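Visitor: I'd like to go through this one with you before I set anything up. Could you put the sequence and the model on screen?

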Amino acid sequence: MSVAFSRLFIAAALLLTVPAAAQELKQTPGSQITVTQCDPHRHPAGYAGHPWIDPYGIYHTAHDFPYTVGYLGVAYTNDAPKDAKEVDFGLVSRGSLIAIAKDVGNFTTGAKIDHEFSVDPEIFPIGTAFPYCAVLRVKYADGTQWRNPSPPSQ
């Protein structure tokens with residue numbers, strides 16, 4: 001094995017060991033929402049469930065899943081100077097919008113939110129290690145809204 005190949009192999013191995021938290025997530029400019037985790041994943045049938053939010057924004061308590069379910073885990077912070085009451089996220093893979101999640105609640109300034117939303121399990125496998133969660137819309141408690149001026153294409 002040549003010295004150059006050995007160095008390349010070691011560099012590649014080191015890149016694979018970088019924790020996901022160390023990777024910088026793509027953000028949506030102007031949204032005033034900072035996404036700290038975007039985790040699309042599946043749970044197999046029979047998995048001991050956990051609380052989740054359906055596509056209509058309804059919260060569900062934990063239960064065993066009767067079939068394979070797709071989820072989008074999103075952790076984020078409201079950085080706006082006012083409370084938000086709805087945040088719409090879009091899961092983007094390879095430049096296309098493949099799923100939408102709506103979070104409803106009272107999200108105060110600086111609040112750290114960590115929720116899981118159901119998504120269509122048919123989006124898996126995603127086919128890339130770098131999907132991201134784009135902010136599509138933020139509705140504030142005072143009735144004003146921010147809409148993404150350049151939303152991802154479907």
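Visitor: Let me jump straight in: where does Pro125 lie?

Guide: Pro125 lies in the loop between S7 and S8, and the peptide bond that joins Phe124 to Pro125 is cis, with an omega of about -5°. Please keep in mind that this is a predicted model, and that every value I quote is computed from it.

Visitor: Fair enough, so what does the pLDDT average over the protein chain?

Guide: The average is 82, and 82% of the residues score at least 70. Confidence is highest in strand S9 (residues 145–147), at a mean of 98, and lowest in helix H1 (residues 3–16), where the mean is 38.

Visitor: And which residues stay under 50?

Guide: Residues 1–22 stay under a pLDDT of 50, and over that stretch the model has two contacts beyond four places in sequence.

Visitor: OK, overall layout then. How many helices and strands does the protein chain have?

Guide: There is one helix, and there are nine strands; along the sequence the pattern reads α-β-β-β-β-β-β-β-β-β. Among the contacts with a separation of 6 or more, 65% are between residues 24 or more positions apart.

Visitor: What share of the residues counts as buried?

Guide: Of the 154 residues in the protein chain, 38% count as buried, while the accessible surface comes to about 9100 Å², with 59% of that belonging to carbon and sulfur atoms.

Visitor: Let's look at S4. How many of its residues are buried?

Guide: Ten of the ten residues in strand S4 (residues 69–78) are buried. In a regular strand, side chains alternate between the two faces of the sheet. Here both faces are covered, with Val69, Tyr71, Gly73, Ala75 and Thr77 buried on one side and Gly70, Leu72, Val74, Tyr76 and Asn78 buried on the other.

Visitor: Which strands pair with S4?

Guide: Strand S1 (residues 33–43) pairs with S4 in the antiparallel sense over ten bridges, and Pro40 stands opposite Leu72 there. S4 is also joined by eight bridges to strand S7 (residues 112–119), again running antiparallel, and in S7 the bridge partner of Val74 is His115.

Visitor: Switching sheets: in what order do the strands of the open one come?

Guide: The order is S6-S5-S8-S9, four strands in an open sheet with antiparallel pairing. Strand S6 (96–107) and S9 stand at the edges with a single partner strand each, so one side of each is left without a neighbour in the sheet. From one strand to the next, the twist averages 25°.

Visitor: Glu86 caught my eye. Buried or exposed?

Guide: Glu86 is buried, because its relative accessible area is 13%, and the cut-off for buried is under 20%. Glu86 belongs to strand S5 (residues 84–93), which is joined to strand S8 (residues 132–140) by eight antiparallel bridges, and the residue opposite Glu86 in S8 is Lys139.

Visitor: Which side chain does Glu86 make a polar contact with?

Guide: The side chain of Glu86 is joined to that of Arg137 by a polar contact of 2.3 Å. Beyond its neighbours within four places in sequence, Glu86 is in contact with Lys102, Asp103, Val104, Phe107, Arg137, Val138 and Lys139.

Visitor: Thr28 next. What does its side chain reach?

Guide: The side chain of Thr28 reaches the backbone nitrogen of Val135 at 2.8 Å. Thr28 sits in the loop between H1 and S1 and is buried, with a relative accessible area of 10%. Not counting residues up to four places away in sequence, Thr28 touches Cys133, Ala134, Val135, Trp146 and Asn148.

Visitor: Last topic, backbone angles. What is phi for Gln32, and what about Arg94?

Guide: Gln32 has a positive phi of about 60° although it is not a glycine, and Arg94, likewise a residue other than glycine, has a positive phi near 55°. Gln32 is in the loop between H1 and S1 and is partly exposed, at a relative accessible area of 37%. Arg94 is in the loop between S5 and S6 and counts as exposed, with 65% relative accessibility.

Terms used
Residues are numbered from 1 along each chain as its sequence is written. This is a predicted model: local features need pLDDT of at least 70, side-chain atom pairs count only at pLDDT 80 or more; totals for chains, interfaces and linings use all residues. Side-chain values use heavy atoms; hydrogens and water are left out. pLDDT is the predictor's confidence in each residue, from 0 to 100. Helices (H or I, at least four residues) and strands (E, at least two) are DSSP runs, numbered from the N terminus. Contact means heavy atoms within 4.5 Å. Buried means under 20% relative accessible area, exposed over 50%, partly exposed in between (1.4 Å probe, protein chains only). A polar contact is a pair of N or O atoms within 3.5 Å; within protein, one must be able to donate a hydrogen and the other to accept it, and residues adjacent in sequence count only if both atoms are side-chain atoms. Two strands pair if DSSP finds at least two bridges between them. Accessible areas come from the Shrake-Rupley method with a 1.4 Å probe; for residues, only the protein chains shown count as cover. Axes are lines fitted to C-alpha atoms, for helices over the stretch in contact, and angles run from 0 to 180 degrees between N-to-C directions.
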